[in-house]
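Biologist: I'm new to reading structures, so please pick one part of this protein and take me through it closely. Start small, and then show me what lies around it.

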Amino acid sequence: MLMIIANSASALMYLVGSDAIRRSLPDAPGWAFPVLIVFSLFNLVCAIALFQWKKWGFWGFCLSSVVALVVNLSIGLGIGPAVGGLIGLVLLYGVLHIGKENKGWPQLE
């Protein structure tokens, strides 16, 4: 549920607040915000897929995390905050592997 809320909020923030973000990052390329909006919505779809036990939802998060890393570096974020976005992916992987017989990963289709 947290992923659905966070990605919905991110997409809305990039749509509504992109001017404020651009003021704080004046060297950010114009293409960065539409890409971030699209991938926030893509993450929302991936989160819903995980709720439906689809493995491609996890791989979609992997793809979007790599794209977000590249975009964050290109808009001028430092390496720390850019790589910090990968923490969610590591947490998701960990959560899918918690448990002995009831792990989430083998249950994904």
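Modeller: Let's begin with serine 8, which sits in helix α1, residues 2-16. Keep in mind as we go that this is a predicted model. Serine 8 has a relative accessible area of 33%, so it counts as partly exposed. Look at its side chain: a polar atom there lies 2.8 Å from the backbone oxygen of isoleucine 4. Now look for serine 40, which is 32 residues away from serine 8 along the chain. In space, the C-alpha atoms of these two serines are separated by 7.0 Å.

It helps to step back for a moment and see the whole. The protein has six helices and zero strands, so reading from the N terminus you meet α-α-α-α-α-α. Along the principal axes, its C-alpha atoms fill a box of roughly 50 × 25 × 20 Å. Of the 109 residues, 35% are buried. If you take the contacts between residues at least 6 apart in sequence, 58% of them join residues at least 24 apart.

Next, let's see how helices pack. Two packed helices are described by the angle between their axes and the distance between the axes. Try this with helix α3, residues 32-51, and α4: their axes come within 8 Å and cross at roughly 160°. An angle over 145 degrees counts as roughly antiparallel, and therefore α3 is roughly antiparallel to α4. Their crossing is left-handed. Many side chains take part here: α3 brings residues including Phe39, Phe42 and Asn43, while α4 brings residues including Trp56, Phe61 and Ser64. Sorted by class, this contact of α3 with α4 has 16 nonpolar, four polar and no charged residues.

One residue of that contact deserves a closer look. Serine 64 is in helix α4, and because its relative accessibility is 4%, it counts as buried. Compare that with serine 8, which is partly exposed at 33%. The side chain of serine 64 reaches the backbone oxygen of phenylalanine 61 at 3.1 Å. If you leave aside its neighbours within four places in sequence, serine 64 is in contact with Phe39, Phe42 and Asn43.

Between these two helices there is a loop, and tryptophan 53 is found in it. Most residues other than glycine have a negative phi. Tryptophan 53 has a positive phi of about 60°, although it is not a glycine. With 40% relative accessibility, tryptophan 53 counts as partly exposed.

Finally, follow α4 to another partner. Helix α4 covers residues 55-74 and helix α6 covers residues 87-96; their axes come within 10 Å and cross at roughly 165°. That angle makes α4 roughly antiparallel to α6, and α4 passes α6 in a left-handed crossing. On the α4 side, the contact is made by Phe58, Phe61, Cys62 and Ser65. On the α6 side, you will find Leu89, Leu92, Tyr93 and Leu96. By class, this contact of α4 with α6 has seven nonpolar, one polar and no charged residues. Notice Phe61: it belongs to this contact with α6, it belongs to the contact with α3, and its backbone oxygen is reached by the side chain of serine 64.

Note on methods:
Residues numbered from 1 in each chain as written. Predicted model: local features only at pLDDT ≥ 70, side-chain atom pairs only at ≥ 80, totals over all residues. Heavy atoms only, no water. Axes fitted to C-alpha atoms, helices over the stretch in contact; angles between N-to-C directions. Helix = DSSP H or I, 4+ residues; strand = E, 2+ residues; numbered from the N terminus. Parallel < 35°, antiparallel > 145°, perpendicular 65-115°, else oblique. Left-handed = near helix turned anticlockwise from the far one by under 90°. Contact = heavy atoms within 4.5 Å. Nonpolar A, V, L, I, M, F, W, Y, C, P; charged D, E, K, R; others polar. Buried < 20%, exposed > 50% of the residue type's maximum accessible area, 1.4 Å probe, protein only. Polar contact = N/O pair within 3.5 Å; in protein donor to acceptor, adjacent residues only side chain to side chain.
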